[in-house]
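Let's take a walk through this structure together, starting from the overall fold and working inward. Please have the sequence and the 3D view open side by side.

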Amino acid sequence: MNRLQRLWQSSVGKKYIMAVTGLIWVAYLITHMLANLLVFQGPAKINAYSAFLHGTGGALWAARLVLIAALVLHVIAAAQLAERRHEARPVGYAAGRDPQVSTVASRSIRWGGALILLFLVYHLLHFTVGTAHPSFVEGDPYHNVAAGFHNPLVVLIYLIAMAFVGLHLYHGIWSSGRSLGMSPPSPRPLRRTLALVLGVLIWLGFSVIPIAVYAGVVR
């Protein structure tokens, strides 16, 4: 058995893989959020950025393949860790047990992650493929954003999804730092400043767009 196989089969290795793949997605979300915020500068900026990305040829697809691989590894590792935890403790803690250092983000990390995965499929159909969009125009992201959030149900779906993304990031960024040895044990385990700041900023950056479109700020 080689080193990579031992790493994959161990719980520590799976946590390490989850940390690395999760941080890859954090980096992507930051750049994706900043690109989306170009919508507030009018169609020229965001459409030019989109044209630049699609003009890079294989580089765009290489980035997409990295993200897909990271997502697949992240989900598989998460599922296998959850299965191992269940095997180690098939019966849950007694009812009424007070979670001392856990948070809403950590307690919702599994089913929240599943909801985010479902939302990702919808998001791709909405803004990348266009089959879930009322008037999708290839190569015109400004129009797609401006026309894509007129339905209040769609806005609500995005806002709920972004809330779960923010919670997932809050716990995931902190947990990744611990798994990679970048965050030493602290006497105040609920003080997670970097995770809180990034989680809130990414949540806010994505949430403000559907709100602005529905409110008529982006036309």
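What follows goes from the whole chain to a helix pair, then to the core and a few individual residues.

Keep in mind that this is a predicted model. The chain has nine helices and zero strands, so a reading along the sequence gives the pattern α-α-α-α-α-α-α-α-α. Of the 219 residues in the chain, 33% are buried. The exposed surface comes to about 13300 Å², and carbon and sulfur atoms supply 69% of that area. The contacts reach far along the sequence: among those between residues at least 6 apart, 73% join residues at least 24 apart.

A good place to look next is the pair formed by helix α8 (residues 152-179) and helix α9 (residues 193-214). Their axes come within 8 Å and cross at roughly 170°. Because angles over 145 degrees count as roughly antiparallel, α8 is roughly antiparallel to α9. To trace the contact on the α8 side, you can follow residues including P152, Y158, M162, G166, Y170 and W174. Facing them from α9 are, among others, A195, L198, I202, F206, P210 and Y214. What is the make-up of this contact between α8 and α9? Its residues divide into 19 nonpolar, three polar and no charged.

At one end of your trace, W174 deserves a moment. This residue of helix α8 has 22% relative accessibility, which means that W174 counts as partly exposed. W174 and A195 are 21 residues apart in sequence, yet their C-alpha atoms are 5.5 Å apart in space.

Now turn to the interior. In soluble globular proteins, nonpolar side chains tend to be buried together. Here the largest nonpolar core has 31 residues, and V39, V145, F149, L169 and V218 touch the most other members. Helices α2 (11-36), α6 (109-129), α7, α8 and α9 each supply at least two residues of this core. The largest share, ten residues, comes from α8. One of the residues just named, F149, shows how such packing looks up close. Leaving aside residues up to four places away in sequence, F149 touches F127, V154, V155, Y158, I209, P210, V213 and Y214. Of these partners, V155, Y158, P210 and Y214 also take part in the contact of α8 with α9.

Next comes helix α7 (residues 141-148). Why can α7 be called largely enclosed by the rest of the structure? Seven of its eight residues are buried, so the helix has that enclosed character. The buried ones are P141, Y142, N144, V145, A146, A147 and G148, and they pack against α3 (43-54), α6, α8 and α9.

Within α7, is N144 buried or exposed? Its relative accessible area is 3%, so N144 is buried. Not counting residues up to four places away in sequence, N144 touches F127, H133, S135, F136 and V137. F127 thus appears again, since F149 touches F127 as well.

To finish, consider a link between α7 and α3. S50 is found in helix α3, and at 12% relative accessibility S50 counts as buried. S50 and P141 are 91 residues apart in sequence, while the distance from C-alpha to C-alpha is 7.3 Å. P141 is itself one of the buried residues of α7, and α3 is one of the helices that those buried residues pack against.

Technical notes:
Residues are numbered from 1 along each chain as its sequence is written. This is a predicted model: local features need pLDDT of at least 70, side-chain atom pairs count only at pLDDT 80 or more; totals for chains, interfaces and linings use all residues. Side-chain values use heavy atoms; hydrogens and water are left out. Helices (H or I, at least four residues) and strands (E, at least two) are DSSP runs, numbered from the N terminus. Buried means under 20% relative accessible area, exposed over 50%, partly exposed in between (1.4 Å probe, protein chains only). Contact means heavy atoms within 4.5 Å. Axes are lines fitted to C-alpha atoms, for helices over the stretch in contact, and angles run from 0 to 180 degrees between N-to-C directions. Angles under 35 degrees count as roughly parallel, over 145 as roughly antiparallel, 65 to 115 as roughly perpendicular and the rest as oblique. Ala, Val, Leu, Ile, Met, Phe, Trp, Tyr, Cys and Pro count as nonpolar, Asp, Glu, Lys and Arg as charged, and the others, Gly among them, as polar. A nonpolar core is a set of buried Ala, Val, Leu, Ile, Met, Phe, Trp, Tyr and Cys residues joined through side-chain atoms within 4.5 Å. Accessible areas come from the Shrake-Rupley method with a 1.4 Å probe; for residues, only the protein chains shown count as cover.
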